[in-house]
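Colleague: Before I trust the words used for a protein model, I would like to see how each word is earned. Could we go through them one at a time?

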Amino acid sequence: MVVLLGASFGVAQNAESATSSEFEHWEFKVEGVVREALAYIPSTAKEKPTPVVFVFHGHGGRAQNAARMFGMNRHWPEAISIYMQGLNTPGRLTDKEGKAPGWQKFAGDQEDRDLKFFDAVMARLKKDYKMDSKRISCTGHSNGGGFTYLLWAERGDVLAAVAPSAGMTVESVPKLKPKPIMHIAGEKDALVKFEWQEKTIAAVRKINGCESEGKPWDKDRTIY
């Protein structure tokens with residue numbers, strides 16, 4: 001299934017930080033580099049199979065802001081939600097010098113530091129909690145949406161579904177295998193242009209074996 005939301009909207013990256021009392025602050029050392037994440041853990045996560053959602057901020061964003069803006073823990077409190085923090089990295093469209101945090105863009109980029117970070121978080125979740133292995137998903141905005149596509153390509157065997165927002169991919173397309181996806185896009189996106197995202201959506205529809213014509217599903221939404 002592919003769902004496209006074609007709308008005019010924006011997401012600010014300077015939103016207020018999430019309430020710290022709701023989350024655990026996790027630290028990992030990945031190949032000598034300290035990595036951080038915020039984790040919302042339901043009280044029953046050690047007792048019964050629990051779904052997991054990974055959420056990735058955009059370039060220049062913070063895990064705290066992603067937690068506040070996406071609010072996955074508020075919308076789905078029965079699930080574990082993980083808000084990972086990126087490291088400073090050159091952007092594809094902005095910040096060529098890499099002075100702001102973001103995510104690797106393709107396999108092998110930045111020595112796969114973020115894929116390894118994801119693996120470290122997954123290892124901790126497997127060790128400490130009863131994850132529902134059939135309900136692990138991820139979402140992300142802009143650069144985080146691109147990383148969502150990369151995870152689908154490189155770690156798709158552990159993901160049940162993905163939901164990139166304002167994201168696109170070229171490099172990851174050959175490795176994608178059929179999977180439920182909700183792609184959210186703004187028709188007036190000035191940075192990740194809508195026509196670029198449409199090309200990614202077309203590729204994904206082909207991979208998923210969707211029909212050529214979608215069906216309306218609420219305002220500004222099409223389901224394939």
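**How the words are earned**

Modeller: Tyrosine 149 has a relative accessibility of 1%, so this residue counts as buried; buried means under 20% relative accessible area, exposed over 50% and partly exposed in between, with a 1.4 Å probe and protein chains only. This is a predicted model, in which local features need pLDDT of at least 70 and side-chain atom pairs count only at pLDDT 80 or more, while totals for chains, interfaces and linings use all residues. Residues are numbered from 1 along each chain as its sequence is written, and side-chain values use heavy atoms, with hydrogens and water left out.

Colleague: How do you know that phenylalanine 56 and tryptophan 103 form an aromatic pair, and what kind of pair is it?

Modeller: The rule is that rings of Phe, Tyr and Trp (its six-membered ring) pair if their centres lie within 6.5 Å, and that planes under 30 degrees apart count as stacked, over 60 as edge-to-face and the rest as tilted. By this rule there are ten aromatic pairs. For phenylalanine 56 and tryptophan 103, the centres are 5.2 Å apart and the planes lie at 85°, an edge-to-face pair. The two rings come from distant parts of the chain, 47 residues apart, with phenylalanine 56 in strand β4 (residues 50-56) and tryptophan 103 in the loop between β7 (101-102) and α3 (113-128). Helices (H or I, at least four residues) and strands (E, at least two) are DSSP runs, numbered from the N terminus.

Colleague: Why is phenylalanine 56 called buried, and what of tryptophan 103?

Modeller: Phenylalanine 56 has a relative accessible area of 0%, and therefore is buried; tryptophan 103 also has 0%, so it is buried as well.

Colleague: Why is the pair of tyrosine 149 and tryptophan 152 called stacked?

Modeller: The ring centres of tyrosine 149 and tryptophan 152 are 6.0 Å apart and the planes are at 20°, so the pair is stacked. Both residues lie in helix α4 (residues 143-155), three residues apart, which is about one turn of the helix. Tryptophan 152 is buried because its relative accessible area is 2%.

Colleague: What makes the charged end of arginine 124 sit over the ring of tryptophan 26?

Modeller: The charge must be NZ of Lys or CZ of Arg, within 6 Å of the ring centre and within 35 degrees of the ring normal. The charged end of arginine 124 sits over the ring of tryptophan 26, at 4.1 Å from its centre.

Colleague: How do you know that the length of α3 agrees with its number of residues?

Modeller: The expected span of a helix is 1.5 Å times one less than its number of residues. The 16 residues of α3 should span 22 Å, and the end C-alpha atoms are 23 Å apart, so the two agree. Among the buried residues of α3 are Leu115, Phe118 and Val121.

Colleague: Why is cysteine 210 not bonded to cysteine 138?

Modeller: A disulfide is a pair of cysteine sulfur atoms within 2.5 Å. The sulfur of cysteine 210 is 18 Å from the closest cysteine sulfur, in cysteine 138, and therefore too far for a bond. The structure holds zero disulfides.

Colleague: Why is serine 142 called buried, and which residues does it touch?

Modeller: Serine 142 has a relative accessible area of 17%, so it is buried. Contact means heavy atoms within 4.5 Å, and serine 142 touches Gly58, Ser165, Ala166, Gly167 and Val192, not counting residues up to four places away in sequence.
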